[in-house]
Amino acid sequence: MSDSRTGGREQFRRGVEEWRDRLSEAQASITDAKSARQEYESQVEERVQEETGRLAYWDDIQGEEYDQLSRAIDHTQARHQKLQREFQAWVQEFDLEYKTLVLGILEAFEGDIRTSRVAEIVGCSHSHAAKFEYDDETETARKKDWWSTYEESKLSPAKRDKIVEEDGECARCGVDGNLVVHHIIPANQDGSADRTNLATLCSDCHEASHGHDVQSGEVIYDDREGFWKWVDAEYQTTLDFY
C-alpha cells in the first residue's frame, strides 16, 4: 500500500475517533437529560402518592420544570442527529475504498456501532459492511473468517472457462453444451476452489445436484465420494440403455 494511501487511512481513523467522541458526548447528554426527567417524574409521583385523594396535583406540579427537561431532550437529540449527518458527509469526502472506511469506523468505535449504521455512513450496502468485524483481543478490525473462506472458494472467469474447455462435457450425462463448473463440496461448507473439488456439469445436472434449488447451496450427496457415485450411477444407466 502506498504511503499516501496509508496516511489517508490514518488521517481518516483519527478523524473518526474525534467524531466518535463528539457523538458519544451528545448521546451521553441525551441519557443524562432523560435520567433527570425520569428522576423528576419519580419525585412527582411520590409527592402525589403522599397527597392521597389529590390526583389533580400531578398536573399542577409537573408544569414548567417538566417542560424544560423535555425541551432539553429534544434539543440534544436534534444536535445529535445533526452531528450524525455531518459525520456521514465528512466520511464520504474521503477518497478511500469502502473497505478502508468500514475498517476505520469499526476501529475508531471499537466495534460499538451497528452494521446498518456503518453501511449508511459509508454509503455501501449492508452486506458489504457485514463482511467486517472488530476483534476485541487485537483491537483491530478485519474481514470475517467466513467471508475470507468464501472469497477463496470463488472462481475467476478465466479459470472457469479453462476448466470447461479441458473437460468439454458434463461429467454426469456427457452433454457438451450449457456447461458450468460445480463445487463438489459447496463453498458455503468450506469447499475450496482446488481442481479436486471442481467438476463440470451441464446446467440441468447442476440443478439436480442441488436438489433443483441452486440458491440454497445444499447438495443431494454427503461428500466427494457420494458425488462421484451419483455421477457414475447416471453413466451406468446410460450404458444399460444402449
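A residue is called buried when its relative accessible area is under 20%, exposed when that area is over 50%, and partly exposed in between. Keep these words in mind as you look through the close-ups, which all come from a predicted model.

**View A. The whole protein has nine helices and four strands.** Start here to get your bearings. Along the sequence, the elements follow the pattern α-α-α-α-α-β-β-α-α-β-β-α-α. The protein has 242 residues, and 36% of them are buried. Eleven salt bridges are found in the structure, and some of them appear in the views below.

**View B. Glu 10 and Arg 14 form a salt bridge within helix α1.** Their side chains meet with a distance of 3.5 Å from N to O. Both residues belong to α1, which covers residues 3-50, and they sit four residues apart, about one turn of the helix. Why can such a spacing help side chains to meet? An α-helix has 3.6 residues a turn, so residues three or four places apart point the same way. Side chains of opposite charge can pair when their charged atoms come close. Glu 10 has a relative accessible area of 32%, so this residue counts as partly exposed. Arg 14 is partly exposed too, at 43%. The pair also belongs to a wider group: Glu 10, Arg 13, Arg 14 and Glu 17 are joined in a network of salt bridges.

**View C. Two further salt bridges are Arg 20 with Asp 21 and Arg 195 with Glu 166.** In the pair of Arg 20 and Asp 21, the closest N and O atoms are 3.2 Å apart. Asp 21 is partly exposed, with a relative accessible area of 44%. For Arg 195 and Glu 166, the closest N and O atoms are 3.8 Å apart. This pair links distant parts of the chain, with the two positions 29 residues apart in numbering: Arg 195 is in the loop between β3 (179-183) and β4 (198-202), while Glu 166 is in helix α7 (residues 157-167). Is Arg 195 buried, exposed or partly exposed? Its relative accessible area is 35%, so Arg 195 is partly exposed.

**View D. Strands β1 and β2 pair in the antiparallel sense.** Strand β1 covers residues 132-135, strand β2 covers residues 140-143, and four bridges connect them. Look for Asp 135, which stands opposite Thr 140 in β2. Four residues lie between the strands of this hairpin. One residue in the loop between β1 and β2 is Glu 139. Its phi is positive, near 55°, in a residue other than glycine. Glu 139 is exposed, with a relative accessible area of 57%.

**View E. Five acidic residues gather in a patch of negative charge on the surface.** The members of the patch are Glu 110, Asp 112, Asp 136, Glu 137 and Glu 139. You met Glu 139 in the hairpin of β1 and β2. Asp 112 comes from another part of the chain, the loop between α3 (98-108) and α4 (115-122). Its relative accessible area is 66%, so Asp 112 counts as exposed.

**View F. Helix α4 has several buried residues, and other parts of the chain can be placed against the helix by C-alpha distances.** Which residues of α4 are buried? They are Arg 117, Val 118, Ala 119, Ile 121 and Val 122. After α4 comes Gly 123, with a positive phi near 90°. Now find Ala 129 in helix α5 (residues 126-129). Ala 129 is buried, at 4% relative accessibility. Its C-alpha atom is 6.7 Å from that of Val 118, although the two residues are eleven residues apart along the chain. Phe 132 belongs to strand β1 and is buried as well, with a relative accessible area of 5%. Between the C-alpha atoms of Phe 132 and Thr 115 there are 9.0 Å, and these residues are 17 residues apart along the chain.

**View G. His 212 takes a positive phi near 60°.** Positive phi here belongs to a residue other than glycine. You can find His 212 in the loop between α8 (203-209) and α9 (224-241). With a relative accessible area of 60%, His 212 is exposed.

Key: Residues are numbered from 1 along each chain as its sequence is written. This is a predicted model: local features need pLDDT of at least 70, side-chain atom pairs count only at pLDDT 80 or more; totals for chains, interfaces and linings use all residues. Side-chain values use heavy atoms; hydrogens and water are left out. Patches are made of residues with over 30% relative accessible area and no salt bridge: like charges are joined within 9 Å, nonpolar side chains (Val, Leu, Ile, Met, Phe, Trp, Tyr) within 5 Å. Accessible areas come from the Shrake-Rupley method with a 1.4 Å probe; for residues, only the protein chains shown count as cover. A salt bridge is a side-chain nitrogen of Lys or Arg within 4 Å of a carboxyl oxygen of Asp or Glu. Lys and Arg count as positive and Asp and Glu as negative; His and the chain ends are not counted. The place of a charge is taken as NZ of Lys, CZ of Arg, CG of Asp or CD of Glu. Buried means under 20% relative accessible area, exposed over 50%, partly exposed in between (1.4 Å probe, protein chains only). Two strands pair if DSSP finds at least two bridges between them.
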